[in-house]
Amino acid sequence: MQYKEFKDGVQLSRLGMGAMRLPVKGDDSQIDYERQLEEQLRRLKMDRIDFYLLHGIQDSFVDDILASGCVEYFDRLKTEGKIRYLGFSFHGSPETLKKAIQYYPWDFVQMQLNYYDWYCGNAEEIYRILEDARIPVMVMEPVHGGLLADLTEDAIAVLKNLDPECSQASWAMRWVMSRKQVQVVLSGMSDQAQLADNVKTFSEGRTLNEDEESALKEAAQIQYRKVAVPCTSCRYCTPNCPMDLDIPVLLRAYNEAKIGGEWRLTGLTALPKEKLPENCIGCGACTQHCPQSFDIPGYMRELKEMIERLAG
Ligand code: SF4
Ligand code: SF4
């Protein structure tokens, strides 16, 4: 297993075991952070936590979190030795990230990082902000919720061409490991075979050469074309929407849900009600102005159904 120095002489295994947050959804002590920490310590049977994260900072509530006093509270606990290192996990825009890191000298940040989001999303921009600020990066979703271990045949062929033995997941892990600011890669391993494959990958510690990087970029782009709506955010459609919907934003949410699961649509709850896809009247004006002639009314219908399913 590969280890990397964090700070203060602390050596961390580069592979970590991902798990969902604690406590689980539905526990109303999510609101009271002081009570929440006490409960976490009680359940863990510990009197301190080494790496403590504020969960899932997003655009819609970053201001509330920073104004709530919780950062100052946890900073005090650091001084008292109840928390050793303080960080946060992040699901927002580059602007929100800049706001959060200007507020406090965080010890680390956990972000979604994988080669798909790097080549087809905005992961590189977020990573570079953390790299410039010299904040260690803990990685979640290195295999993009399983997407990168279940590529389309065309994308698999690109990788097999270079190395027929390497598993799809190990390609994804090697790519993440090759980013210098990355400290620990958290993998949601759900069976013995995945554990063995990851341990092998992280023990070998093979980095990527230029051909391999190019192959992963090509695989990501093939996957994107096959699975998602490749909207370029040119916004030719939006001035023509009589309902004033932010179509590229909604299509980005649609892609996230198709690729990573419908639970990702929870972020849309931050939108005003009149901006949700249920307001689409199916007029088709957007499609007429879209250079790629996407069936936008169809995607809006599908997105509305996904949101309804999520709401139960
Ligand atoms: S079809 Fe829907 S999204 Fe497209 S312009 Fe009409 S209302 Fe807007
Ligand atoms: S016109 Fe088409 S490609 Fe451009 S933002 Fe709208 S949906 Fe996306």
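## The central sheet

Let's start in the middle of the fold: six strands form an open sheet with parallel pairing, in the order β3-β8-β7-β6-β5-β4. Strands here are DSSP runs of E with at least two residues, helices are runs of H or I with at least four residues, and both are numbered from the N terminus. Two strands pair if DSSP finds at least two bridges between them. The edge strands, β3 (15-17) and β4 (49-57), each pair on one side only. Ignoring direction, neighbouring strands of this sheet are turned by 25° against each other on average. Such angles lie between axes, which are lines fitted to C-alpha atoms (for helices, over the stretch in contact), and run from 0 to 180 degrees between N-to-C directions.

A helix rests on this sheet too: α3 (residues 70-80) packs there and touches β4 and β5 (83-90), its direction making about 150° with that of β5. Touching, or contact, requires the C-beta atoms of two residues, placed from the backbone, to lie within 7 Å.

## How to read the model

This is a predicted model, in which local features need pLDDT of at least 70 and side-chain atom pairs count only at pLDDT 80 or more, while totals for chains, interfaces and linings use all residues. Residues are numbered from 1 along each chain as its sequence is written, and chains are lettered from A and ligands numbered from 1 in the order in which they are written.

## A closer look at β7

Strand β7 (residues 137-140) is joined to β8 (residues 182-187) by three bridges, and the two run parallel. Four bridges join β7 to β6 (residues 108-112), again in parallel. You can follow the partners across: Val-137 faces Val-182 in β8, and Val-109 stands opposite Val-137 in β7. Met-138 has Val-184 as its bridge partner in β8.

Which way do the residues of β7 point? Val-137 and Val-139 point one way, Met-138 and Met-140 point the other way, and all are buried. A residue is called buried if 20 or more other C-beta atoms lie within 10 Å of its own, exposed if 12 or fewer do, and partly exposed in between, with C-beta atoms placed from the backbone.

## Two unusual phi angles

Most residues other than glycine have a negative phi, and most peptide bonds are trans. Lys-45 has a positive phi, near 55°, and sits in the loop between α1 (33-44) and β4. Is Lys-45 buried or exposed? Only 6 other C-beta atoms lie within 10 Å of Lys-45, so this residue is exposed.

Glu-141 also has a positive phi near 55°, and its place is the loop between β7 and α7 (153-162). Glu-141 counts as buried because it has 25 C-beta neighbours inside 10 Å.

## Helix α11

Helix α11 covers residues 247-260, which makes 14 residues. The expected span of a helix is 1.5 Å times one less than its number of residues. For α11 this gives 20 Å, and the end C-alpha atoms are 20 Å apart, so the two agree. Right after α11 comes Gly-261, with a positive phi near 115°.

The buried residues of α11 are Ile-247, Leu-250, Leu-251, Ala-253, Tyr-254, Asn-255, Glu-256, Ala-257 and Ile-259. Their cover includes α10 (210-227), α12 (285-289) and α13 (296-311).

## Around the two ligands

A residue is near a ligand if its C-beta atom, placed from the backbone, lies within 6 Å of it. Ligand 1 has 16 residues around it, and Cys-241, Cys-280, Cys-283, Cys-286 and Pro-297 come nearest. The elements giving two or more residues to this shell are α12 and α13, and α13 gives the most, with three. By class, the shell around ligand 1 has 13 nonpolar, three polar and no charged residues. Nonpolar means Ala, Val, Leu, Ile, Met, Phe, Trp, Tyr, Cys and Pro; charged means Asp, Glu, Lys and Arg; the others, Gly among them, are polar.

Which residues come nearest to ligand 2? Of the 15 residues around ligand 2, they are Cys-231, Cys-234, Tyr-236, Cys-237 and Cys-290. Helix α11 gives the most to this shell, with three residues. By class, the shell around ligand 2 has 10 nonpolar, four polar and one charged residues.
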